[in-house]
Amino acid sequence: LCAGRLLGRPAQGLTVVQRCGSCDRPHGRPRLAEAPGTGVSLAHARGWVAAAAADGPVGVDVEAVDDAEVDWRTAEAVCTGKELAALRSDTHPRRAFLRQWVRKESLVKVGAGTLDEPARLDVPVYGQEPPRWHGWRLLDWGGARAVGCVAAREEMRLRLLG
Ligand SMILES: CC(C)(COP(=O)(O)OP(=O)(O)OC[C@H]1O[C@@H](n2cnc3c(N)ncnc32)[C@H](O)[C@@H]1OP(=O)(O)O)[C@@H](O)C(=O)NCCC(=O)NCCS
């Protein structure tokens, strides 16, 4: 649907193909058979789905916000010192953590980073710094119950459904 709206053509005529390159299972970064230059990205979390399409590479992520405590061991493994300081002083550290996490995962999905060393993805702190990272625009969305982010090149048109 996102890609159809972006391209101005019926979604029924577009085929999403997924091939990881390592195995025969249909999974991995999605692409469109009929429009290889158009990027598409998908995400799901408990009760939420998100999709994005853009004129080039795009990555989307969504996470459900719950009342759980922050797992600080995980946070320390995936966040920089600057991010951790922001989380510790936030009134809702769990949501603040998820805000940073969806930014990182959107960059992983767009191909700009890897999940091997997420703490190396020194993304700007949500609400404190401009949502830009090395030429990538970070479009944050969501609210009290779910948060998400889309990464795309700064100059690109994009469509999002969440
Ligand atoms: C990309 C990745 C970080 C997303 O994981 P997640 O948080 O569990 O799930 P999300 O709902 O946010 O995203 C899943 C969607 O991301 C997309 N996706 C999967 N791999 C992707 C990749 N390498 N790049 C971009 N998007 C990818 C798919 O559309 C997938 O949807 P699907 O499950 O309906 O096919 C994770 O799948 C990953 O690290 N993959 C690479 C490792 C891998 O797949 N190894 C096996 C090789 S055989």
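Start by selecting Arg88 and Trp72: the charged end of Arg88 sits over the ring of Trp72, 4.9 Å from the centre of that ring. Keep in mind throughout that this is a predicted model.

Next, select Arg153 and Trp136. Here Arg153 lies over the face of Trp136, and the distance to the ring centre is 4.3 Å.

How many aromatic pairs does the structure hold? The count is 0. To count as a pair, the centres of two rings of Phe, Tyr or Trp must lie within 6.5 Å.

Now move to the ligand, which sits in the largest pocket. Two elements give two or more residues to the shell around the ligand: strand E3 (39-45) and helix H4 (93-110). Colour E3 separately, since the largest share of that shell, 3 residues, comes from this strand.

Show the residues around the ligand as sticks. There are 15 of them, and the closest are Gln18, His44, Asp61, Glu105 and Lys109.

Which side chains among these place a polar atom by an oxygen atom of the ligand? Go through them one at a time:

- Gln18: a polar side-chain atom lies 2.8 Å from an oxygen atom of the ligand.
- Asp61: a polar side-chain atom lies 2.9 Å from an oxygen atom of the ligand.
- Lys109: a polar side-chain atom lies 2.8 Å from an oxygen atom of the ligand.

Finally, turn on the protein surface around the ligand. On its own the ligand has 900 Å² of accessible area, and the protein covers 59% of it.

Conventions
Residues numbered from 1 in each chain as written. Predicted model: local features only at pLDDT ≥ 70, side-chain atom pairs only at ≥ 80, totals over all residues. Heavy atoms only, no water. Phe/Tyr/Trp six-rings, centres within 6.5 Å; stacked < 30°, edge-to-face > 60°. Lys NZ or Arg CZ within 6 Å of the ring centre and 35° of its normal. Near = heavy atom within 4 Å. Polar contact = N/O pair within 3.5 Å; in protein donor to acceptor, adjacent residues only side chain to side chain. Areas by Shrake-Rupley, 256 points an atom, 1.4 Å probe, with all protein chains shown as cover. 1 Å grid on protein atoms, 1.4 Å probe; cavity = no way out; pocket = protein on both sides within 12 Å on 5 of 7 lines; lining within 4 Å. Sits in = over half its atoms within 2 Å of the grid points. Helix = DSSP H or I, 4+ residues; strand = E, 2+ residues; numbered from the N terminus.
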